[in-house]
Amino acid sequence: MSQTDQITITRPDDWHLHLRDGEALKSVIGHSAAQFRRAIIMPNLRPPVTTTEQAREYRQRIMAAVPAGSGFEPLMTLYLTDNTTPDEIIKAGESGIVYGVKLYPAGATTNSDAGVTDLAKCMKTLETMQAHGIPLLMHGEVTDPEVDIFDREAVFIDRVLLPLRKSLPELKIVFEHITTKEAAQYVAQAEGPIGATITAHHLLFNRNVIFTGGICPHYYCLPVLKREENRKALVQAATGHNNERFFIGTDSAPHAKDLKENACGCAGCYTALHALELYARVFDDHHALDRFEAFASLNGAKFYGLSPNSEKITLVRQRWQIPEQLPFGEETVVPLMAGGILEWKNA
Ligand code: DOR
Ligand code: ZN
């Protein structure tokens, strides 16, 4: 096999993952464990994971569902609310199992009703996070109904992120699932400890895909897909020579098929099954497979102050068809690009 028919890299981590709970968790965990060694686990359960104690219990449920022998390690997060106390942050820091605190602006997305109504209410808590080196993981969208849904991320930078970083310049921040050229440019050029995750779907698609031949709910996620110029900026950020601040975060967010194909369909794309193969397509298309390992396996670990994994994984150039649907508890989940063909396969 020639070099470009096979690529071996340090085993990657997923720095943004929704595993859900109960039977749904049992259905999806094997997919992530087959691809990634570690994953940052999102806390937007119902009710949300707001305390270290709840994170510990959720971690145990995840570990009980991990396929035997996989070595998968969940890195837990807390869900920031208006009432999260500095004490809770100190507990989280001492726990050894909590790796970040997630900011959902109230109402921004799935299960965000308990999120933060005004960051000003959280300043003491955020100061404590800064002091203890606990990263803030941001869903970076304003929720102001006056702001167009396609502008909510760019407006968030001006209204929320810049003032926050001025007040707390040493707070570690991950700008999660960035979708705009404004976010990519800001993260690439900003001073201080900031990184960003980028999903495979935001690298592969622009907003047209949601409306091609009718409404395609399996391409609806939040932040919503944007214009082509934004997708191009994300690809440049991920695959460019200077990509150290950018890393994988699949934001794989499974919902039952009938809740997606619904008069009021849920936001979220399911990519845990084939995330690496989707990302590999992007890097291959842009002749950047030599920079795939940094984005997939090195940059995120470095940002979080962790060592890269010691094992390797190999992807081979092999055509395969993405299943139309997969089991999801009693229901089914439709993976992104269901029925489509991918050129890379996790060997
Ligand atoms: O599309 C999304 N789905 N965006 C989010 O921020 C949350 C996620 C989910 O939990 O379903
Ligand atoms: Zn998410």
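Two residues are in contact when heavy atoms of theirs lie within 4.5 Å. Keep that in mind for the exercises below.

A word on the ground rules: this is a predicted model, so local features need pLDDT of at least 70 and side-chain atom pairs count only at pLDDT 80 or more, while totals for chains, interfaces and linings use all residues. Residues are numbered from 1 along each chain as its sequence is written, chains are lettered from A and ligands numbered from 1 in the order in which they are written, and side-chain values use heavy atoms, with hydrogens and water left out.

**Exercise 1. Place Ala-267 and find what it touches.**

Step 1: go to the loop between α9 and α10; Ala-267 is there. Helices here are DSSP runs of H or I with at least four residues, strands are runs of E with at least two, and both are numbered from the N terminus.

Step 2: is Ala-267 buried or exposed? Its relative accessibility is 9%, which counts as buried. The cut-offs are under 20% relative accessible area for buried, over 50% for exposed and partly exposed in between, using a 1.4 Å probe and protein chains only.

Step 3: skip residues up to four places away in sequence and list the contacts. Ala-267 touches Thr-110, Tyr-220, Cys-221, Leu-222, His-255 and Lys-260.

Step 4: check the distance to His-18. The two C-alpha atoms are separated by 12 Å, although the residues are 249 apart along the chain.

**Exercise 2. Work out which residues hold the zinc ion (ligand 2).**

Step 1: pick the donors, meaning N, O and S atoms within 2.8 Å of the metal (3.2 Å for Na, K and Ca); water is not among the atoms, so sites may look incomplete. You get His-16 (NE2), His-18 (NE2) and Asp-251 (OD), at 2.0 to 2.1 Å.

Step 2: write down the spacing. Along the chain the donors read H-x1-H-x232-D.

Step 3: see what that ties together. His-16 sits in strand β2 (residues 14–17) and Asp-251 in the loop between β9 (246–248) and α9 (257–260), so the pair links parts that are 235 residues apart in sequence.

Step 4: check burial. Both His-16 and Asp-251 are buried.

**Exercise 3. How many disulfides does the structure have?**

Step 1: look for pairs of cysteine sulfur atoms within 2.5 Å. The search of the whole structure finds zero.

Step 2: take Cys-264 as a test case. Its nearest cysteine sulfur belongs to Cys-266 and is 7.6 Å away.

Step 3: compare exposure. Cys-264 is exposed, with a relative accessible area of 67%, whereas Cys-122 is buried at 1%.

**Exercise 4. Sort out the strand order of the two open sheets.**

Step 1: start with the three-stranded sheet. Its order is β1-β10-β13, with antiparallel pairing; strands pair if DSSP finds at least two bridges between them. β1 (6–10) and β13 (341–346) are at the edges with a single partner strand each, so one side of each has no neighbour in the sheet.

Step 2: count bridges. Five join β10 (residues 312–321) to β13, and β1 and β10 also pair over five. Gln-6 has Val-316 in β10 as its bridge partner, and Arg-317 has Trp-344 in β13.

Step 3: add the helices. α10 (residues 275–285) lies across β10 and β13, at about 110° to β13, and α11 (residues 292–303) lies across β1 and β10, at about 30° to β1. Axes are lines fitted to C-alpha atoms, for helices over the stretch in contact, and angles run from 0 to 180 degrees between N-to-C directions.

Step 4: turn to the eight-stranded sheet. This one runs β2-β3-β4-β5-β6-β7-β8-β9, with parallel pairing, and its edge strands are β2 and β9. Within it, β3 (residues 38–41) and β4 (residues 73–79) share four bridges.

**Exercise 5. Find the best-connected residues of the largest nonpolar core.**

Step 1: join buried Ala, Val, Leu, Ile, Met, Phe, Trp, Tyr and Cys residues through side-chain atoms within 4.5 Å. The largest core has 101 residues, and Leu-19, Leu-126, Leu-136, Phe-175 and Phe-292 touch the most other members.

Step 2: ask who contributes. α10 gives the most, with seven residues.

Step 3: zoom in on Phe-292. Beyond its neighbours within four places in sequence, its contacts include Ile-7, Leu-276, Phe-283 and Leu-315.

Step 4: look for a second core. Another one, of 13 residues, lies apart and includes Met-42, Tyr-99, Tyr-104 and Val-174.
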